[in-house]
Amino acid sequence: MKKAIITGITGQDGAYLAQLLLEKGYIVYGTYRRTSSVNFWRIQELGIDQNPHLHLIEYDLTDLSASIRLLQNSKATEVYNLAAQSFVAVSFDQPVTTAEITGLGPVNLLEAIRIVNPKIRYYQASTSEMFGKVQAIPQIEDTPFYPRSPYGVAKLYAHWMTINYRESYGIFASSGILFNHESPLRGLEFVTRKITDGVAKIKLGKLETLELGNLDAKRDWGFAKDYVEGMWRMLQANEPDTFVLATNRTETVRDFVLMAFKGAGIEVEFRGAGVNETAVVASVTQDLAFTQDPALTQNSALTPALSRGERELRMEERGHKMGERELKVGQVVMRVNPKFYRPAEVELLIGNPAKAKAKLGWEPKTTLEQLCQMMVEADMKYNQKGISF
Ligand code: NAP
Ligand code: GDD
């Protein structure tokens, strides 16, 4: 059986990649950090936490000796380095920690490979943040880099070290320049999940207004589960290389807000500009597509329309009580709060994954609309159960 190490198993990509490799028959060594309260909710959500082929190992990327022991003890032949301080906003407040983990950390693993077994294949989780103030549209593997955050700078260092170890020591070290990828397992601090969680809370009457920063930022958003497949393909290729994984479509944060509210049956209109911009409710359809209960769908062709009282009763039975604050047309459900602005912003990302398609046969399978709907539905379920990860 093939053995692989995934650093950062508690993160979004770590969980999906572990699921994929287990399905492919691997023995997986997933690393997590010692913290006062370790949280394995993602691998629990995917139902793989008890898999006998998944071994959870305490490990910190900033420790060279731990990296050496990790490789020696596991005898893995593939290493997927997903561990990082990955939140761009925090990297402005913690630039040194970000450099140590996200920049230098990968060098510990590369050195460990060089020392323990140079035949081990290595995947580095590089990022479209490295393109920063973009020098070409769309971005491809050869587009010049111009990072705009301490996180982007740290990742760029690790990217070039990956290439350097490939060229200097012949190590099979591949770098995946991945554009933003999201899912119901995304951390709540990232904008898409913050929005879908906020929309679910607003729909359920648990939150009045969602506060966001720069609504004009444009991102190329894909589905994380599609992207981990690309990581695996990179390490199965004949040669190590650098690949962009992206969808070649870009939308603004504002577009995603609109889409997420729509997914919850709420039409919003944007008013004002800059820090004064808001989104207000234009109309509410009680059409909860995500409940998968046709009786709750007002225009269902299969069931007679329910009266409002009957519908509310049915929703309460299903735990969908609308909450104390019922949504009203004209209610402000989103406003801008400048505290979420960044000192320097990446305004536009859009990637062309043609090389990955040609050489790896990889392409994204999930549209942004499908992704957004999936996230809204998951957040409705989490919030109905009263859990918020
Ligand atoms: P994530 O959810 O933030 O997960 C990051 C993982 O790294 C967590 O398991 C975290 O552990 C772990 N970690 C942090 N510091 C560590 C340390 N010192 N030692 C060991 N582990 C440490 O990130 P993600 O979205 O899954 O992304 C995976 C990787 O791809 C990251 O490197 C990210 O920078 C990169 N990337 C992500 C995207 C994206 O859109 N998602 C795009 C391009 C690149 P804790 O749970 O203990 O914090
Ligand atoms: N997080 C957040 N919160 N972002 C906001 C908000 C808010 O309230 N309001 C607007 N934004 C804007 C940010 O300013 C940014 O332009 C955009 O939304 C996306 O922010 P994030 O979701 O935090 O992601 P990111 O693009 O900064 O970084 C993610 O993608 C990178 C790949 O390009 C992370 O996953 C990185 O680890 C990854 O490398």
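Tutor: Before we start, one definition: a residue counts as buried when its relative accessible area is under 20%. Keep in mind too that this is a predicted model.

Student: Okay! What share of the residues in the protein chain is buried?

Tutor: The protein chain has 389 residues, and buried ones make up 54% of them.

Student: And what about the surface, how much is there?

Tutor: The accessible surface of the protein chain is about 16900 Å², with 50% of that belonging to carbon and sulfur atoms.

Student: How many helices and strands are in the protein chain?

Tutor: You can look for 12 helices and 15 strands. As for contacts between residues at least 6 apart in sequence, 78% of them join residues at least 24 apart.

Student: Let's switch to ligand 1. Which residues come nearest?

Tutor: Those are T10, R33, S86, Y151 and K155, out of 24 residues around ligand 1.

Student: What kinds of residues make up that shell, by class?

Tutor: There are 10 nonpolar, 9 polar and 5 charged residues in the shell around ligand 1.

Student: Which element gives the largest share of the shell?

Tutor: That's β5, with 3 residues. Helix α1 (12-23), strand β5 (121-127) and helix α6 (150-169) each supply at least two residues of the shell.

Student: You listed K155 a moment ago. How far is its side chain from an oxygen atom of ligand 1?

Tutor: An N or O atom in the K155 side chain is 2.8 Å from an oxygen atom of ligand 1. Backbone atoms join in too: a backbone N or O atom of Q12 lies 3.1 Å from a ligand 1 oxygen, and for A84 the corresponding distance is 3.2 Å.

Student: How much of ligand 1 does the protein cover?

Tutor: On its own, ligand 1 has 900 Å² of accessible area, and the protein covers 88% of that.

Student: New topic: helix α12. How many residues does it have, and how far does it reach?

Tutor: Helix α12 covers residues 368-384, which is 17 residues. From first C-alpha to last it reaches 24 Å, close to the 24 Å expected at 1.5 Å a residue.

Student: Which of its residues are buried?

Tutor: In α12 the buried ones include L368, L371, C372, M375 and V376, and further along A378, D379, M380, Y382 and N383.

Student: What covers them?

Tutor: The cover includes α2 (41-45), α7 (191-203) and α9 (253-263), along with the strands β7 (181-182), β10 (222-223) and β12 (251-252).

Student: And what's the phi of G386, after α12?

Tutor: G386 follows α12 and has a positive phi, near 80°.

Definitions and conventions:
Residues numbered from 1 in each chain as written. Chains lettered and ligands numbered in written order. Predicted model: local features only at pLDDT ≥ 70, side-chain atom pairs only at ≥ 80, totals over all residues. Heavy atoms only, no water. Near = heavy atom within 4 Å. Polar contact = N/O pair within 3.5 Å; in protein donor to acceptor, adjacent residues only side chain to side chain. Areas by Shrake-Rupley, 256 points an atom, 1.4 Å probe, with all protein chains shown as cover. Helix = DSSP H or I, 4+ residues; strand = E, 2+ residues; numbered from the N terminus. Nonpolar A, V, L, I, M, F, W, Y, C, P; charged D, E, K, R; others polar. Buried < 20%, exposed > 50% of the residue type's maximum accessible area, 1.4 Å probe, protein only. Contact = heavy atoms within 4.5 Å. Expected span 1.5 Å × (residues − 1).
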